[in-house]
Amino acid sequence: MHLAADYPHRGGGRLGLGPFAAAVLRTDNRRRAIAGGAVLASALLLVATPRLRHSPALHLFADMRNLLGVPNTLNVLTAYPLLLAGVPGLILCLFGGGCFGISLRWEALGWFLFYVGNVGAAFGSAYYHLKPDDDRLIWDRLPMMMSASSLLSILVIERVDERAGLSCLISLLSLLLVSSACERILDDMRLWVVLNLVPCVAIPAMLFLFAPKYTHSRFWFLATGFYLLARFEGLADRKVYSVNRYFISGHSLEHLCFAMVTLILTVMLSFRNIKITRYQST
């Protein structure tokens, strides 16, 4: 029996790559090529898309009811489950020691930024929805996009390579700042739209293309389902609001689904361990 890192050699001399290991290496190379193609496709989409101007209609949400003296009440209140889900995870990241199954330094940084983004989104989103306008919008967008970028980078660190994941994290966070500047200074939202689209496509793709390092990886699929549902509900804000007879809007449900993503991933971190795959020697 050999660990996954030990590749048997039939020739009897020095160790080398056996047929199975060579096949695994070819598969990894193909997957990396697919990932590179996805990056190129995102860049082409950005260049090919016409300029998207900022519209004041972005601040007009389906549910703008004023209940108990709080403007846009449900959009404000539904932001706080993000705080309830994010604070325990943030505390465990900082002080939990072995409570979370995190084995790499930069992976720990990614999870820390993910939880910081959740806590920031709770306050930032509530602040924005009390009086939606251009000046407050960045406090709603940036923390949540930081969380999404961190999640994608965590997957790259775990399933591809630690350095590649760190580069991904730094690049995405830098692009978030650039996208905000483009929107405010150049009145162009293209980069922000692409950065929203990338995690929606890349995270599910990586779950299927790359093998997990840890156990309990099924939680990733569940969390991704809620993440995609949240994005759909945000886009279908008015439609969702009318379908449920004006009880709760799609944007408010988007907040709640994002909180569920955080809760699911926190449970996953609490239970998972490093997965060691063994192969029968030949």
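This report describes the fold, the annotated spans, two helix pairs and several single residues of a predicted model.

## Overall fold

The protein has 282 residues, of which 41% count as buried. Its secondary structure consists of 10 helices and 2 strands. Read from the N terminus, the order of elements is β-α-α-α-α-α-α-α-α-α-α-β, with a strand before the helices and another after them.

Contacts between residues at least 6 apart in sequence were also sorted by separation. Of these, 74% join residues at least 24 apart.

## Annotated transmembrane spans

An unreviewed UniProt entry carries the feature "transmembrane region" at residues 33–53, 73–96, 108–130, 142–157, 164–186, 192–212, 219–236 and 248–271.

Two of these spans can be described further in the model. Residues 164–186 are 100% helix and 0% strand, and the C-alpha atoms at the two ends lie 31 Å apart. Residues 219–236 are 94% helix and 0% strand, with 26 Å between the end C-alpha atoms.

## Helices α4 and α10

Two packed helices are described by the angle between their axes and the distance between the axes. Helix α4 covers residues 105–130 and helix α10 covers residues 250–271; their axes come within 12 Å and cross at roughly 160°. The two helices are therefore roughly antiparallel to each other, and their crossing is left-handed.

On the α4 side, the contact involves Trp-111, Phe-114, Tyr-115, Asn-118, Ser-125 and His-129. The α10 side contributes His-251, His-255, Phe-258, Thr-262, Leu-265, Thr-266, Met-268 and Leu-269. By class, the contact of α4 with α10 has 7 nonpolar and 7 polar residues, and no charged ones.

## Helices α6 and α7

The axes of α6 and α7 come within 8 Å, with a crossing angle of roughly 145°. This crossing of α6 and α7 is left-handed too. From α6, the residues in the contact are Leu-172, Leu-175, Leu-176, Val-178 and Ser-179. From α7, they are Leu-191, Trp-192 and Leu-195. The contact of α6 with α7 divides into 7 nonpolar residues, 1 polar residue and no charged residues.

The loop between α6 (162–186) and α7 (190–209) holds Asp-187, which is taken up below with the backbone angles.

## Buried residues in helices

Met-146 lies in helix α5, residues 134–159. Its relative accessible area is 19%, so Met-146 is classed as buried, the cut-off being under 20%. Not counting residues up to four places away in sequence, Met-146 touches Leu-113, Val-116, Gly-117, Leu-173 and Leu-176. The C-alpha atoms of Met-146 and Leu-172 are separated by 8.3 Å, although the two residues are 26 apart along the chain. Leu-176 also appears among the α6 residues in contact with α7.

Glu-183 is in helix α6. Glu-183 counts as buried because its relative accessibility is 9%. Beyond residues up to four places away in sequence, Glu-183 touches His-54, Leu-137, Arg-141, Asp-188 and Met-189. Thr-73 belongs to helix α2, residues 73–77, and is buried, with a relative accessible area of 4%. Leaving aside neighbours within four places in sequence, Thr-73 is in contact with Arg-65, Asn-66 and Leu-67.

## Positive phi angles in two loops

Most residues other than glycine have a negative phi. Asp-187 is not a glycine, yet its phi is positive, at about 55°. Its relative accessibility is 23%, so Asp-187 counts as partly exposed.

Arg-245 also has a positive phi, near 60°, and is likewise a residue other than glycine. Arg-245 is found in the loop between α9 (237–243) and α10. Arg-245 counts as exposed because its relative accessibility is 74%.

Conventions
Residues are numbered from 1 along each chain as its sequence is written. This is a predicted model: local features need pLDDT of at least 70, side-chain atom pairs count only at pLDDT 80 or more; totals for chains, interfaces and linings use all residues. Side-chain values use heavy atoms; hydrogens and water are left out. Axes are lines fitted to C-alpha atoms, for helices over the stretch in contact, and angles run from 0 to 180 degrees between N-to-C directions. Helices (H or I, at least four residues) and strands (E, at least two) are DSSP runs, numbered from the N terminus. Angles under 35 degrees count as roughly parallel, over 145 as roughly antiparallel, 65 to 115 as roughly perpendicular and the rest as oblique. A crossing is left-handed if the near helix is turned anticlockwise from the far one by less than a right angle, and right-handed if clockwise. Contact means heavy atoms within 4.5 Å. Ala, Val, Leu, Ile, Met, Phe, Trp, Tyr, Cys and Pro count as nonpolar, Asp, Glu, Lys and Arg as charged, and the others, Gly among them, as polar. UniProt positions are given in the numbering used here, feature names are shortened, and annotations may be inferred rather than shown by experiment. Buried means under 20% relative accessible area, exposed over 50%, partly exposed in between (1.4 Å probe, protein chains only).
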